[in-house]
Amino acid sequence: MHTESKSTKLNELQATAICGNDISSSCLYVSALTILYAGQFAWISLLVVAVVLFLFQRIYGEVVGALPLNGGAYNALLNTTSKQMASVAACLTILSYMATAVISASEAMHYLHNMIPVLPLVIATIVLLAIFMGLALNGIGESAIVAVVIFITHLAALSLLVIVGCFYLLTHGIEVFQANWQLPIASGGIMTALFLGFSAAMLGISGFESSANFVEEQAAGVFRKTLRNMWMVVSFFNPAITLLALCIIPLAQVGAHKESLLAFLGETAGGRWLGLIISVDAVLVLSGAVLTSFVGVTGLIERITLDRILPNFFLVRNKRGVNYRIVIGFFILCVSVLFATQGDLGALAGVYTFSFLAVMALFGLGNLLLKIKRAKLPRPVKAHPIAVLIAVVCVSAAFWGNALLNPSSLFVFFQYLVPSLGFIFLMLNRGRILRILLYSIDYLYRPVRHYVLKSSLYLRKMLHKINSQEFVFFTKGDDVAVLNTVLQYVQNNEKTGRLKIVTVMNPGQAFNEPLRHDLEVLDRAYPEVKIEYLELVGTFGPELIEEYSKKWGIPKNFMFIGSPGDRFPYRLSELGGVRLII
């Protein structure tokens, strides 16, 4: 296995860009989603989310500062609970990355499809996934360069949108916002609207957990800065853009443009050119979220493989030090999910939502357990226990709120989660499962073992008896062709390789040297047949055959006779009462 060390360490901008593309891409959909549930109070819900994310800064900073290893929530729970519990967090994180990659790639191609209507969506999505798989295979350094370009472009586009939107308000006033503010609350009371809006708005911070999954690739002191930078981006742009949308776009039109609200906002505030810029930016930053998934999942799967949850097969690196089998496997998983959903990613949205929220809650739980079980570990920052509890309660409330908003999505989430957990369970307990299988086989085999051994011994004896049976051929001629026919017959028709060739000589008759010479030649020609040659003195007849059959223990039907004119030898038992002629 190749074990090239990772020498590339990411600086603050590179690390922030990799995870920031994921979390900042939420601006493209979270504004519309929050407005649909919270109406004119959507920007307040997003501010509450910013407060919750501020709490998670210290929560993540404490855990990763004490345990600076890849793995995120998995690493936190592994060091405070059991490997089984940590594996649940790992499974949820992998599901979140898978859903993020597929949804982001598909949504990016939907934006591009709006500009290029002839674009085949599914094929284009697969091509985009393949492009970022190639980037990931080239190493995190090359991936970081692309991520930085996308991130800076995205921040520039969002800043331009905010500036143009503010200029629009200066020239057109806030009459639209006043009209929106006077509308009745769509979700009932103010608190209900704020709660549902908060639940939906929590998706705006998905990607915050990514930095903890590749912390080992970051330079010293960079991790906490990535948390701060991500918090600043979403805390400003998400509420600001949502508030601008409420000031410029009537609420009645939000639903009609929910899939591309920011592009519509840009077109309304600045014209067609700004809408086009936002659309191009959407393609880029959603593609950057795909890259985040590849980087994050590689760090996580490498960690759980090192902990022997998955086979060492995934630890093999290429020349650039990348776990290429993880990257390629993740690509195959994403493509298979894309085909399984037939391009309809509404189901995956539920997996994405609930996986992310569950991971955040488990990380908060890991922080609390770390305070109790590993209190002596040094850490650069500490989150107050009450702040951690508040953050966990808020994320749990958002999980419940999304379950109320999308009960069918919760069902789909469990459809993906249960098989994933089953696979992880098998991997965790594969040694125990193999031992159980071995014991079961031994238990089932034990009652018949005696009979199997006894039958095997009996069959071996029968086979030995058959193979050790000796045949006798009486001849007086030295015709090598006849002898060759005999040997061919024994080799092709009998189950033994032992042949006794006997010639009977009259008293005073000289030995048959030509016959001996022929048999030596045939012995070399038929190495499979063991030939024994005997010369007997006497008169050939039934008495002699009877005498030697008893002496050798060979039945008469295993004795043959032949003469130089015979084409085949004859068994004595086949001749019956016929006079024996040699």
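User: What do buried and exposed stand for here, and how is leucine 453 classed?

Analyst: Buried means under 20% relative accessible area, exposed over 50%, and partly exposed in between (1.4 Å probe, protein chains only). Leucine 453 has a relative accessible area of 53%, so leucine 453 is exposed. A note on the source: this is a predicted model, where local features need pLDDT of at least 70, side-chain atom pairs count only at pLDDT 80 or more, and totals for chains, interfaces and linings use all residues. Residues are numbered from 1 along each chain as its sequence is written, and side-chain values use heavy atoms, leaving out hydrogens and water.

User: Where does valine 285 lie, and is valine 285 buried or exposed?

Analyst: Helices are DSSP runs (H or I, at least four residues), numbered from the N terminus. Valine 285 is in helix H13 (residues 272–306). Its relative accessibility is 0%, so valine 285 counts as buried.

User: Which residues does valine 285 touch?

Analyst: Contact means heavy atoms within 4.5 Å. Leaving aside residues up to four places away in sequence, valine 285 touches Asn21, Ser24, Ser25, Leu28, Ile150 and His154.

User: Which residues touch the most other members of the largest nonpolar core?

Analyst: In soluble globular proteins, nonpolar side chains tend to be buried together. A nonpolar core is a set of buried Ala, Val, Leu, Ile, Met, Phe, Trp, Tyr and Cys residues joined through side-chain atoms within 4.5 Å. Here the largest core has 151 residues, and Phe56, Tyr60, Met202, Ile205, Phe208 and Phe294 touch the most other members. Helix H5 (residues 83–115) gives the most to this core, 17 residues. A second, separate core has 15 residues, among them Phe473 and Leu519.

Technical notes. Helices (H or I, at least four residues) and strands (E, at least two) are DSSP runs, numbered from the N terminus.
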